[in-house]
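Trainee: I am new to this structure and should be grateful for a close look at a single part, namely the place where the two chains come together. Please set it out as one connected account.

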2 protein chains.
Amino acid sequence: MSGILYGVGVGSGDPELLTLKSVRILREADIIALPAETAGDSIAYQIAVQAVPEIAEKEQLGLSFPMIKEKEQLKTIWEKNAEQLRKKLIAGKKIAFPVLGDPCIYSTFSYVERLLRKQGFRTEYINGIPSFCAASAALGMPLVQGNEPLHILPGRIDYERKPEGTLVLMKAAKQLKEMKAALAAWNMEGYLLERCGLEGERAYTMEELPESADYLSLIIGKERKNKENT
Amino acid sequence: MSGILYGVGVGSGDPELLTLKSVRILREADIIALPAETAGDSIAYQIAVQAVPEIAEKEQLGLSFPMIKEKEQLKTIWEKNAEQLRKKLIAGKKIAFPVLGDPCIYSTFSYVERLLRKQGFRTEYINGIPSFCAASAALGMPLVQGNEPLHILPGRIDYERKPEGTLVLMKAAKQLKEMKAALAAWNMEGYLLERCGLEGERAYTMEELPESADYLSLIIGKERKNKENT
């Protein structure tokens with residue numbers, strides 16, 4: 001059992017957002033796991049290969065993560081993917097699994113990693129820039145300052161309760177209207193970031209909100225500040 | 001007004017966590033702003049110079065950010081620092097200001113950046129790996145999966161209310177006992193990360209918690225999972 005599986009964060013789109021460590025791990029890997037059937041279908045791979053073109057020459061292992069919500073089916077899928085990775089790990093291979101954003105935050109990688117680690121295999125998380133940090137930089141403003149809390153919400157949100165500080169709604173495309181209304185009711189500023197760092201990137205204020213948005217969208221809601229206090 | 005000020009995220013300690021973009025911006029800069037009187041006093045600079053040694057040969061501009069809480073005094077300090085940066089920007093200089101973690105998240109940089117942007121100067125946020133991501137990777141586990149919310153709390157915490165999902169308490173050294181008791185009451189797992197990525201890095205479970213911890217400490221609290229569900 002001398003192989004190792006790395007979840008390699010590649011950031012949100014700009015290949016320059018890869019860390020030096022992600023670049024090194026991709027270079028050193030024997031196998032690139034594709035979080036999709038083919039390289040063309042994986043956004044994470046497409047970002048990684050721009051930063052480290054030589055990964056195109058490496059052995060590739062296509063995994064399959066269909067969009068399924070049923071728990072037992074999901075477990076079967078993770079186990080099937082883990083089985084494919086396990087064979088390569090037993091053969092002593094170094095596997096790099098490119099992940100959008102950071103592998104510690106809402107990554108598909110973490111499910112197969114948990115399974116393999118429990119079985120005694122070596123795994124490692126290699127950080128990447130989370131999408132909400134990249135979005136904040138694209139807007140040219142801080143996400144949080146001083147003692148403001150930061151809440152990252154992956155699709156669900158309690159509209160009954162105004163959050164303190166800054167909130168980020170991930171996968172925001174399905175809740176554009178609800179969020180617009182809530183942010184207005186809470187007197188918060190809001191921004192929609194669509195395809196941050198990717199082709200077709202766009203930023204909108206809540207006032208300019210379109211009718212629909214890309215799947216890779218997030219909304220940042222911020223408390224309005226007294227103009228004097230920055 | 002052709003100069004530009006960059007807040008350059010350098011991650012939490014490991015120089016390999018700098019992004020390719022942070023490395024490029026540091027290399028191209030005319031001036032390195034030190035978020036401390038001298039280079040030796042700035043942890044961010046010490047990380048940056050390991051990744052990009054040539055910055056030691058560049059012009060350095062020492063800024064001063066004393067630990068003060070009084071609002072009017074703080075504004076005077078930011079304005080004084082902004083004034084120093086402004087002179088260089090008017091002279092057309094590219095200034096890189098190294099920042100621990102990510103400049104969008106609780107950075108001192110953001111206060112001077114806000115002032116200068118309002119005055120019409122060009123500023124840019126260059127992302128870095130946030131400390132809580134680096135801590136999660138050091139623990140070898142995800143911060144959040146699926147539909148779990150993530151709450152980043154910069155020192156204040158509402159002990160009356162169990163948070164949903166994962167919480168990260170920044171600057172946790174002052175609240176070790178309170179957090180230990182709260183996480184136990186909420187039946188959550190907890191981890192203390194001290195000096196993540198720096199010399200003297202240590203990780204503790206809540207059961208092993210020391211009496212005191214370094215200023216650069218954070219606590220991660222996570223919901224316990226059904227063992228079957230990863």
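Mentor: An open sheet of 10 strands has the order S9(A)-S8(A)-S10(A)-S7(A)-S6(A)-S6(B)-S7(B)-S10(B)-S8(B)-S9(B), and its pairing is mixed. Strands here are DSSP runs of E of at least two residues and helices are runs of H or I of at least four, both numbered from the N terminus; two strands pair if DSSP finds at least two bridges between them. The model is a predicted one, in which local features need pLDDT of at least 70 and side-chain atom pairs count only at pLDDT 80 or more, while totals for chains, interfaces and linings use all residues. Residues are numbered from 1 along each chain as its sequence is written, chains are lettered from A and ligands numbered from 1 in the order in which they are written, and side-chain values use heavy atoms, with hydrogens and water left out.

The edges of the 10-strand sheet are strand S9 (202–205) of chain A and strand S9 (202–205) of chain B, each of which pairs on one side only. From one strand to the next, the twist averages 15 degrees; axes are lines fitted to C-alpha atoms, for helices over the stretch in contact, and angles run from 0 to 180 degrees between N-to-C directions. Within chain A, strand S7 (residues 166–169) and strand S10 (residues 217–223) pair in the antiparallel sense over three bridges, with A:Leu167 opposite A:Gly221 in S10(A). Helix H5 (residues 131–139) of chain A lies across strand S6 (150–153), S7, strand S8 (188–194), S9 and S10 of chain A, and this helix runs at about 65 degrees to S10(A).

The relation between the chains comes next. Two copies of a chain are related by a rotation about an axis and a shift along it. Here chain B can be laid on chain A with an RMSD of 0.0 Å by a turn of 180 degrees and a shift of 0.0 Å along the axis, which is the relation of a two-fold axis. The superposition is by least squares on the C-alpha atoms of residues with pLDDT of at least 70 in both copies. In chain B, B:Thr19 comes closest to the rotation axis, its C-alpha lying at 1.9 Å.

As for the contact itself (heavy atoms within 4.5 Å), chain B and chain A each give 56 residues to it. Because 100% of the interface residues of chain B are also interface residues in chain A, the copies meet through the same surface. About 4800 Å² is buried between the chains, carbon and sulfur atoms giving 55% of it; this is the accessible area (1.4 Å probe) that two parts lose on being put together, summed over both.

Two salt bridges join chain B and chain A, a salt bridge being a side-chain nitrogen of Lys or Arg within 4 Å of a carboxyl oxygen of Asp or Glu. One of them links A:Glu16 with B:Arg24, the closest N and O atoms being 2.6 Å apart. B:Glu16 and A:Arg24 also meet in a salt bridge, at 2.6 Å from N to O. That pair runs from the loop between S1 and H1 of chain B, which holds B:Glu16, to helix H1 (residues 20–28) of chain A, which holds A:Arg24.
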